Amino acid sequence: MGIAFFDFDETVITGKSMFIFLEKYLEQETFQCGLSFSIIMNKIKKQSNEGKPREDINRYYYSLFKGESQHKVRATARKVFSDGCYNFNSVIVKRILFHQKRNDDVVFVSGAMTDIIYPVMETLGVKNALCSEPITKNGYYTGALSRVSIGNQKAKHARDYAQAHHQPLSACYAYGDHISDLDLLSLVGHPCAVNPSSELMAECRRQGWFVLFEPKY
């Protein structure tokens with residue numbers, strides 16, 4: 001039994017779950033800050049263009065949920081999934097099944113909180129996740145995070161998880177699509193890029209890493 005770490009957005013699914021969820025949530029709810037989906041996305045795009053660290057953008061995203069009901073968020077996440085708003089990468093679903101048949105521990109490592117992606121986890125039989133996790137109090141989000149799981153933080157959490165489960169990193173697998181997953185991929189003995197960005201593809205060629213592509217029909 002080993003561990004297989006999977007980035008979630010644009011690896012397990014083809015889109016970005018945080019933004020897919022946010023758009024659907026704000027179609028029926030209003031944040032306390034009063035910001036609309038389009039304004040929030042413009043703010044995030046501006047932060048990204050200005051070179052703001054991805055960790056800070058992740059924290060900004062979850063700060064918007066201050067005062068929101070965890071129950072309501074999870075109910076919306078269930079509806080978003082049941083409405084078919086997520087498209088799976090079929091090649092990665094097969095890899096997940098491959099690892100599960102080997103009795104490997106499949107772990108999602110994502111900046112998307114578990115409350116957003118849990119319906120996917122249930123469907124794919126994935127029990128563990130190392131996500132960015134918002135703090136809740138009495139069933140409501142405080143706007144703060146207990147854990148950030150972006151960039152090199154993914155690698156840190158994966159390393160800690162492997163050590164806690166007495167698994168050598170050399171025997172672990174990792175899957176990711178973006179250059180921000182580089183630290184996670186570099187951590188393990190079996191890295192695999194999935195539909196990689198150009199920067200990550202260049203690194204894969206340099207390192208001789210395995211690459212998977214979603215078939216085009």
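Q: How far apart are the mean positions of the positive and negative charges of the protein chain?
A: Just 1 Å, taking 26 positive and 23 negative charges. Lys and Arg count as positive, Asp and Glu as negative, with His and the chain ends not counted; each charge is placed at NZ of Lys, CZ of Arg, CG of Asp or CD of Glu. By the way, this is a predicted model, where local features need pLDDT of at least 70, side-chain atom pairs count only at pLDDT 80 or more, and totals for chains, interfaces and linings use all residues. Residues are numbered from 1 along each chain as its sequence is written, and side-chain values use heavy atoms, leaving out hydrogens and water.

Q: What makes Lys 46 and Glu 50 a salt bridge?
A: The rule asks for a side-chain nitrogen of Lys or Arg within 4 Å of a carboxyl oxygen of Asp or Glu. Here N and O are 2.6 Å apart, so the pair meets the rule. Lys 79 and Asp 83 get in too, at 2.7 Å from N to O.

Q: Why is the pair Glu 27 and Lys 24 called a salt bridge?
A: Their closest N and O atoms are 4.0 Å apart. The cut-off is within 4 Å, so this pair counts.

Q: How many salt bridges turn up in the whole structure, and which residues are linked in a network?
A: The search finds 12. Asp 7, Lys 154 and Asp 181 are linked in a network of them.

Q: What makes Glu 27 exposed and Lys 24 partly exposed?
A: Buried means under 20% relative accessible area, exposed over 50%, and partly exposed in between (1.4 Å probe, protein chains only). Glu 27 has 57%, so exposed it is. Lys 24 has 31%, so it lands in the middle class. Glu 50, at 55%, is exposed as well, while Lys 79 at 45% and Asp 83 at 48% are partly exposed.

Q: Which residues of helix 3 are buried, and what covers them?
A: Helix 3 (residues 54–63) has Ile 57, Asn 58, Tyr 60, Tyr 61 and Tyr 62 as its buried residues. Their cover includes helix 1, helix 2, helix 6 and strand 5. Helices (H or I, at least four residues) and strands (E, at least two) are DSSP runs, numbered from the N terminus.

Q: What makes Asn 103 and His 166 stand out in their phi values?
A: Phi of Asn 103 is near 65°, positive in a residue other than glycine. His 166 is also a non-glycine residue with a positive phi, near 55°. Asn 103 lies in the loop between helix 5 and strand 2, and His 166 in the loop between helix 7 and strand 6. Both count as exposed, at 54% for Asn 103 and 73% for His 166.

Q: How do you know that Met 1 touches Gln 167?
A: Contact means heavy atoms within 4.5 Å. Met 1 has such contacts with Asn 103, Asp 104, Asp 105 and Gln 167, leaving aside residues up to four places away in sequence. The C-alpha atoms of Met 1 and Gln 167 are 8.8 Å apart, although 166 residues separate them in sequence. Met 1 is still exposed, at 68%.

Q: Why does the radius of gyration agree with a compact globule?
A: The rule, over C-alpha atoms, is 2.2 Å times the number of residues to the power 0.38. For 217 residues that gives a value near 17 Å, and the protein chain has 17 Å, so the two agree.
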